[in-house]
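Q: Got a minute to go through this one with me? I'd like to start with how the chains meet.

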Amino acid sequence: MCGIVGLFLKNPKMEPQLGELLSRMLSTMCERGPDSAGFAVYGSGTEGRSKLTLQSATPADDFGKLKAALAKDKAADAQINVNETHAVVSVPSDKLDAVKAMLASDYPSIRIMATGENIEIYKEVGYPNEVAKRFDLASMSGTHAIGHTRMATESAVTTLGAHPFSTGADECLVHNGSLSNHNSLRRELIRDGMTFNTENDTEVAASYLTWRMKQGMNLGEALEKGLEDLDGFFNFVVGTKSGFGVVRDPIACKPAVMAETDDYVAFGSEYRALAGLPGIDKAKVWEPEPATVYFWQR
Amino acid sequence: MRTFDLAQSPLRELNEELHRQTEGSNESKWEVINPRGAHAIAVGLDAPISVDVRGSVGYYCAGMNKKATVTVHGSAGPGVAENMMSGRVVIKGDASQYAGATGRGGLLVIEGNASSRCGISMKGIDIVVKGNIGHMSAFMAQSGHLVVLGDAGDALGDSIYEAKLFVRGNVKSLGADCIEKEMRPEHEEALTKLLADAGIKDAKASEFRRYGSARKLYNFNIDNADAY
């Protein structure tokens, strides 16, 4: 099954409410995906700096050591903010690769969930309401956010198997469905230099889009191409630094409903996810067409 | 009229109350407020009562309906009026996929658009859609009527049996074994009655085309044995 919620704000005045609105939307989709949950929030960024969202199974130990190491290295100019099993590390963008290399060599138990100027991704195994509460999603602000509640079908119930998946800077993807050609596509992408952390089908879709965008396509074009190359059931909701995209496979079995007002664009697996949004009674509400790319950019 | 507020009381209570109603019930008019996309609202009714739902509903609203009139003043999620037996279900907004699926009788009116698989495997239900319908509608449709004032999506009537399909707008493509058929006087008569029953005054039966089964998939054809 799985549940998806997404909110792309057009009205900057609503940005402080983003986390609160998304957590309410996510809460309506718990029974669609009770085994794990995750969300990507596009928050504030600082010119010239990048954020890494890190996750650890032993956060007290790993993040404690990392904090001390970063504090010692004044030249690294890094800030770290620990949130439960996750931590967001902000570094000057030109030092990003060095920090990534240091994490890989010195902290093998730390996983990178996302990197980018604005994106932060939090995901864990557990009932979605509990996951949202644990990371205090309701207090987060930003321009757009995507959430997912997972009922696993293709691969194990683990933190890394939860959505969203991020395979490129400020990119993320969530999925309701299952892909049937992900193994062959994964092999092709690996040959072309892409790397994978899981056996999960959704990670292949995320990686595919990143690969297409590396070839120079924008998100809309990459999604169009994905309709040709990805086989199976899918509703994808995709975020980039400034964009928000939606696409359904041609059979369109998986449920989807969207709403748009002057203030926002919203996606829900069901209308229940949208029912609490401000001004929903006057919103344009529609079911996205099969095999049609919807894409908003600020 | 009894008003039931789903923001105050649970759905199960509503459906239990509605199931308690019988022929000749004094409480024949019901209103449901704050549905907020909830699933299975007014499912399994079996009495000539009317239920007005103020707002949009989720999965399977008015499923298995018998005798009752259910009106949704909003849009409906997947499987509205699924397996309806008799009575009347009206959706003022749009309906999501497989509206009226497997329905055996009664009338389903969708005033907006219906999405994919509308009337899939219908077995006697009449469905009237004022807007458009999505792909794979009337798949394996066995009997009853599907009337569409707008356009139909891909693969209309794929593997259809004896349901009769009437479309006023364009049909994107016909499914396997579905063909356009002659509109004879008895079809115009049936269609005119359906339009009147659905309260539609701005459409004439003569503006529609009829589609149905070519009856070539009915029997096993030995020439196709290699395909299995």
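A: Sure. This is a predicted model, and in it chain B and chain A bury about 960 Å² between them, with 47% of that on carbon and sulfur atoms.

Q: Which residues of chain B lose the most area to chain A?
A: B:Arg36, B:Tyr59 and B:His135, which together make up 40% of what the chain B side buries.

Q: And how many residues are in contact there?
A: 13 from chain B, against 15 from chain A. By class, the chain B side has two nonpolar, eight polar and three charged residues.

Q: How many salt bridges and polar contacts go across?
A: The salt bridge count between chain B and chain A is zero. Polar contacts do turn up: nine residue pairs across the interface, both partners at pLDDT 80 or more.

Q: OK, chain B on its own. What's in it in terms of helices and strands?
A: Two helices and eleven strands. Going from the N terminus, the order is β-α-β-β-β-β-β-β-β-β-β-α-β.

Q: How does its radius of gyration sit with the globule rule?
A: Chain B comes out at 18 Å, close to the 17 Å the rule gives for 228 residues, so it is as compact as a globular protein of that length. The C-alpha trace spans about 60 × 45 × 30 Å along its principal axes.

Q: What share of chain B is buried?
A: 52% of the 228 residues. As for contacts in chain B with a separation of 6 or more, 25% come from residues 24 or more positions apart.

Q: Any salt bridge in chain B worth a look?
A: Try B:Lys92 with B:Glu111, where the closest N and O atoms are 3.4 Å apart. That pair links distant parts of the chain, 19 residues apart: B:Lys92 is in the loop between β5 (88–91) and β6 (107–110), and B:Glu111 is in the loop between β6 and β7 (123–129).

Q: Are those two buried or exposed?
A: In between. B:Lys92 is partly exposed at 40% relative accessible area, and B:Glu111 is partly exposed at 27%.

Q: Switching to chain A. Why is helix α1 described as largely enclosed?
A: Seven of the ten residues in α1 (18–27) are buried, so the rest of the structure largely encloses that helix. The buried ones are A:Leu18, A:Gly19, A:Leu21, A:Leu22, A:Ser23, A:Met25 and A:Leu26.

Q: What do they pack against?
A: Elements of chain A: β1 (3–9), β2 (36–42), α4 (128–134), β8 (144–150) and β13 (264–268).

Q: You mentioned α4. Which salt bridge does A:Arg134 make?
A: One with A:Glu84, at 2.9 Å from N to O. A:Arg134 sits in helix α4 and A:Glu84 in the loop between β4 (79–83) and β5, so to speak a long-range link, with 50 residues separating the pair. Both count as partly exposed, A:Arg134 at 36% and A:Glu84 at 40%.

Q: What about β5 itself, where does A:Ser90 come in?
A: A:Ser90 lies in that strand, residues 86–92 of chain A. A:Ser90 is buried, with a relative accessible area of 12%, and its side chain makes a polar contact with the side chain of A:Arg49 at 2.8 Å.

Q: Last one: which residues are linked in a salt bridge network?
A: A:Glu31, A:Arg32, A:Glu270 and A:Arg272. Over all chains, the search finds 26 salt bridges.

How values were computed:
Residues are numbered from 1 along each chain as its sequence is written. Chains are lettered from A and ligands numbered from 1 in the order in which they are written. This is a predicted model: local features need pLDDT of at least 70, side-chain atom pairs count only at pLDDT 80 or more; totals for chains, interfaces and linings use all residues. Side-chain values use heavy atoms; hydrogens and water are left out. Buried means under 20% relative accessible area, exposed over 50%, partly exposed in between (1.4 Å probe, protein chains only). Helices (H or I, at least four residues) and strands (E, at least two) are DSSP runs, numbered from the N terminus. Contact means heavy atoms within 4.5 Å. Buried area is the accessible area (1.4 Å probe) that two parts lose on being put together, summed over both. A salt bridge is a side-chain nitrogen of Lys or Arg within 4 Å of a carboxyl oxygen of Asp or Glu. A polar contact is a pair of N or O atoms within 3.5 Å; within protein, one must be able to donate a hydrogen and the other to accept it, and residues adjacent in sequence count only if both atoms are side-chain atoms. Ala, Val, Leu, Ile, Met, Phe, Trp, Tyr, Cys and Pro count as nonpolar, Asp, Glu, Lys and Arg as charged, and the others, Gly among them, as polar. The radius of gyration is taken over C-alpha atoms; the globule rule is 2.2 Å times the number of residues to the power 0.38.
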